Amino acid sequence: MKRTVIAFDFGASSGRAIKAVYENGSLSYEEIHRFENVPVYENGRMCHDFPMICAEIEKALEKAGAVDSLAFDTWGVDYGLLDENGELLGLPVHYRDGRTDNITKKVFALISPDELYEKTGNQIMPINTLFQLACEENLGKAKTLLFMPDLFTYYLCKKAVCEKTIASTSQMLDLKAGKFSETVLKKCGISTSLFPDVCESATIVGEKDGIKIIAAAGHDTQCAIAAMPAENGVDAAFLSCGTWSLIGCELDEPILTEKSRLDELSNELGANGKINYLKNISGLWLIQEARRALRRAGEDYSYNDLEQLAVKENPFTSFIDPDDPIFAPQGDIPQRVREYCEKTGQPVPESVGAVMRSIYESLAMKYRYAIEQIEENTGKRFSVLHMLGGGTKDGFLCQMTADSLGIDVIAGPVEATAVGNIMLQLIALGEIKDIDEARKIIRRTEKVKVYKPLAHKQWREGYEKYKKIIMK
């Protein structure tokens, strides 16, 4: 049977709609709509422009024509609060808003980091939903909390659900029980009634104008991992590379040890029931925001321009820790790179190319750092890394990653997040059996490129220098 579906793939900086057709084991797809997701301000808070995004959804549906189903995937941790009439109490606050600065101390007075990690398995980050709720002005007025993909589902069909993969980014979900932790919520003064029941990935939720609305995997990372063209039995790591870089592997059970917590590793639910054991790293955000800062200063570079400038610079001159708090807010990333290097006693990169070289190399070095931590905690030794998403279009970063890790990097699919969303819809519609079958289709139909390590010895030497910098 021929099936036509729409994957709505929304990132924190842009959104798009991908229309796909699946027939006789063959998949084709195209982007039919794209828009910028620009934050707005409400009551002094950086927020997501929910009405604007909903208007863009309607535009995409007009362009799409007849389709069988649709589903949303988005970034994690953010949410909307509904009142007793099902209306938003305010625009969803952006995770980059400064309200969670220094909030962890308030939460740790209620529940210790050890217990919090033991109950939820999430890398403890101030942006996580639990910490956002600790400074939520509208919490007392709210009847229902919906994570972003579920909020868009609700907008279309008025069905309130809580899809499991997006819920598992919140620092509130008990991974083993598959429901919100009563212990965490009670200690933090959050009512369990705020949350709809947790539903499985690939669940048909409702309909709008004859179109089935599906909860695929609400977290974009889990959609991307569902599309990983991995062979069964191969010890493979993954790197979902977009605004954030999420690097890790699939496990059968969570790892909730003190070492895992101190290594800042996260356990999140995959759409196939696996635990995705990973580290969140500030990824292409650094390049994206650097480009925006340069544009604001009157220097208009394309991403290719920035890459080519970086290629021409000397290697291993200065490094940053991509996850240093200085790089988290919007602003002048190139200047912050210079300030970081000066503070850590390194040569200060003056040119745009030198700044970009520092960012590129530091990302690749941080990937190795994370992989070493994951291998230590799991006992695994990875033979290949599957690099997924938009970052795979950057051949310079792909090759650097292979050189840094010393293993093959299989880059692709470029549209992994959308393809995973599509495949999960097809599972919900009964067209394919499960994610294993979806991956077989992806291996057969999607283009990938293999990057082999060419300069691992030089990178190994540079890595020792990098570790000394970030461990100061």
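1. A salt bridge is a side-chain nitrogen of Lys or Arg within 4 Å of a carboxyl oxygen of Asp or Glu. In this predicted model, 30 salt bridges are present. Several of them are taken up in turn below, followed by a pocket and a cavity.

2. One of the salt bridges joins Arg16 to Glu31, with 3.5 Å between the closest N and O atoms. Arg16 belongs to strand β2 (residues 14-23) and Glu31 to strand β3 (residues 26-36), so this pair ties together parts that are 15 residues apart in sequence. The partners may also be described by their accessibility. Arg16 has a relative accessibility of 10% and therefore counts as buried, the limit for that class being under 20%. Glu31, at 38%, counts as partly exposed.

3. A salt bridge is also formed by the side chains of Asp235 and Lys380, at 3.5 Å from N to O. Asp235 lies in the loop between α8 (220-226) and β15 (236-241), while Lys380 lies in the loop between α13 (352-378) and β19 (384-388); the pair therefore ties together parts that are 145 residues apart in sequence. Asp235 is partly exposed, with a relative accessibility of 33%. Lys380 is likewise partly exposed, its relative accessible area being 23%.

4. The salt bridge between Glu361 and Arg357 has an N to O distance of 2.8 Å. Both residues lie in helix α13, where they stand four residues apart, about one turn of the helix. Are these partners buried or exposed? Glu361 is buried, at 1% relative accessibility, and Arg357 is buried as well, with a relative accessible area of 11%.

5. Salt bridges that share partners also create a network, which joins Asp9, Arg16, Glu31, Arg34 and Glu415. The pair Arg16 and Glu31, bridged at 3.5 Å, thus reappears here as part of that network.

6. The second largest pocket holds about 960 Å³ of space. Its lining consists of 36 residues, and those nearest the centre of the pocket are Met125, Pro126, Asp323, Pro325 and Ala328. Two or more lining residues are given by each of α2 (104-108), α9 (258-262), β18 (275-282) and α13. Helix α13 is also the element that holds both Glu361 and Arg357. By residue class, the lining of this pocket comprises 17 nonpolar, eight polar and 11 charged residues.

7. How many cavities of 30 Å³ or more does the structure hold? There is one. The largest cavity has a volume of about 40 Å³. Around the largest cavity stand Phe72, Pro149, Asp150, Thr153, Glu163, Ile214, Ala215, Ala216, Ala217 and Gly218.

8. Which elements give two or more residues to the lining of the largest cavity? They are α5 (148-157) and β14 (211-215). Helix α5 provides the largest share, three residues. The lining of the largest cavity divides into six nonpolar, two polar and two charged residues. Asp150 and Glu163 are among the residues of this lining, and both Asp and Glu count as charged.

Conventions: Residues are numbered from 1 along each chain as its sequence is written. This is a predicted model: local features need pLDDT of at least 70, side-chain atom pairs count only at pLDDT 80 or more; totals for chains, interfaces and linings use all residues. Side-chain values use heavy atoms; hydrogens and water are left out. Buried means under 20% relative accessible area, exposed over 50%, partly exposed in between (1.4 Å probe, protein chains only). On a 1 Å grid over the protein atoms alone, a cavity is a set of points where a 1.4 Å probe fits but cannot get out, and a pocket is an open set with protein on both sides within 12 Å along at least five of seven lines; lining residues have an atom within 4 Å of a point. Grid points are joined across faces, edges and corners, and a volume is the space filled by probe spheres set on the points.
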